[in-house]
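Hi everyone, thanks for making time. I'll put the structure up now, and then we'll go through a helix and a sheet.

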Amino acid sequence: MNGCESLPGSEEVVMEAEAPAKEAGPLGEDAGKGEAETSSRTDAEDATTQDSSISNGDDADDDKETVDLKIIWNKNKYDLKIPVDSTGAKLKERIHSLTGLPPAMQKVMYKGLLPEDKTLREIKVTNGAKIMVVGSTINDVLAVNTPKEVVQQEVKAEENKKEPLCRQKQHRKVLDKGKPEDIMPAIKGTKERLPTVPLSGMYNKSGGKVRLTFKLEQDQLWIGTKERTEKVPMGSIKNVVSEPIEGHEDYQMMAFQLGPTEASQYWVYWVPAQFVDAIKDTVLGKWQYF
């Protein structure tokens, strides 16, 4: 019986001894896996650290000799730290990131125009140097290229701000004589075709009487005074301008430009307003038969 009793005990001892041996395999595998995971995490961290250093280009500048610059563009100032061995082209790229101004549209100035192919060290750029930048962004350029109609409106608005012609001294001396007694009647706010008779009773710049005769069959404008009559080909008249007379808006003052400049303008005063458009259309080649 004792022998029989010891036998089971022996089996238990063997089994207990073998059990840890069986478990050693999984434990060894777990340990291997753990080491592999630890190694993977370390590699991943190293890769992350490496990616981080690559993604931030400025970090690489920390190991290089740098200069601190003052970038001045469009009344704005920017601080820029850049390696002294950077080229002018590289500087333009950094200015682009600061201002949004494309490198191709930049004119960078430092003791003259800064060359793109030389380094800042070569052109002796020092700490605290002021770099002047000239140029316009694409949006600025587009804003300048406004439609022709807008430009014309702005010019017209600017002209409206000027002193009226009838207040200028050179015209005032004629207008102060008052409205001629024999002037043709005027109608404000209407447009009429040219009369079949000459427009008469008006003044010229010297204060003398003048009459206008439109010879359509000869394509001529006859400007008659007491002394003589000038027969002017309508095709030679460069422009016709007019302006209402203050206080007498039913009459206008009108100039015929007989030469290439405004100095050649022939002024006529007290032109009935209803004929102004017809005169311009006739002289400038827009007249029509009625």
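Let me start with a question: which residue just after H6 takes a positive phi? Before I answer, keep in mind that this is a predicted model. Okay, the residue is Gly-285, and its phi is about 90°.

Now back up into the helix itself. H6 covers residues 276-283, and its buried residues are Val-276, Ala-278, Ile-279, Thr-282 and Val-283. Why do they end up on the same side of H6? Because the arc they cover around the axis is only 165°. And what do these buried residues pack against? Quite a list: strands S5 (199-204), S6 (209-215), S9 (239-245), S10 (248-257) and S11 (265-272).

Right, on to the sheet. This one is open, with four strands in the order S2-S1-S4-S3, and the pairing is mixed. At the edges you've got S2, residues 76-83, and S3, residues 107-109, each of them pairing on one side only. If you ignore direction, neighbouring strands here are turned by 30° against each other on average.

Let's zoom in on S3. S3 and S4, which is residues 129-134, run antiparallel, and three bridges join them. If you want a spot to click on, take Lys-107: its bridge partner in S4 is Val-134.

Last piece: what packs on this sheet? That's helix H2, residues 88-99. H2 touches S1 (66-73) as well as S2, S3 and S4, and its direction makes about 140° with that of S2.

Okay, that's my tour. Over to you.

Terms used. Residues are numbered from 1 along each chain as its sequence is written. This is a predicted model: local features need pLDDT of at least 70, side-chain atom pairs count only at pLDDT 80 or more; totals for chains, interfaces and linings use all residues. Side-chain values use heavy atoms; hydrogens and water are left out. Buried means under 20% relative accessible area, exposed over 50%, partly exposed in between (1.4 Å probe, protein chains only). Helices (H or I, at least four residues) and strands (E, at least two) are DSSP runs, numbered from the N terminus. The arc is that of the directions from the helix axis to the C-beta atoms. Contact means heavy atoms within 4.5 Å. Two strands pair if DSSP finds at least two bridges between them. Axes are lines fitted to C-alpha atoms, for helices over the stretch in contact, and angles run from 0 to 180 degrees between N-to-C directions.
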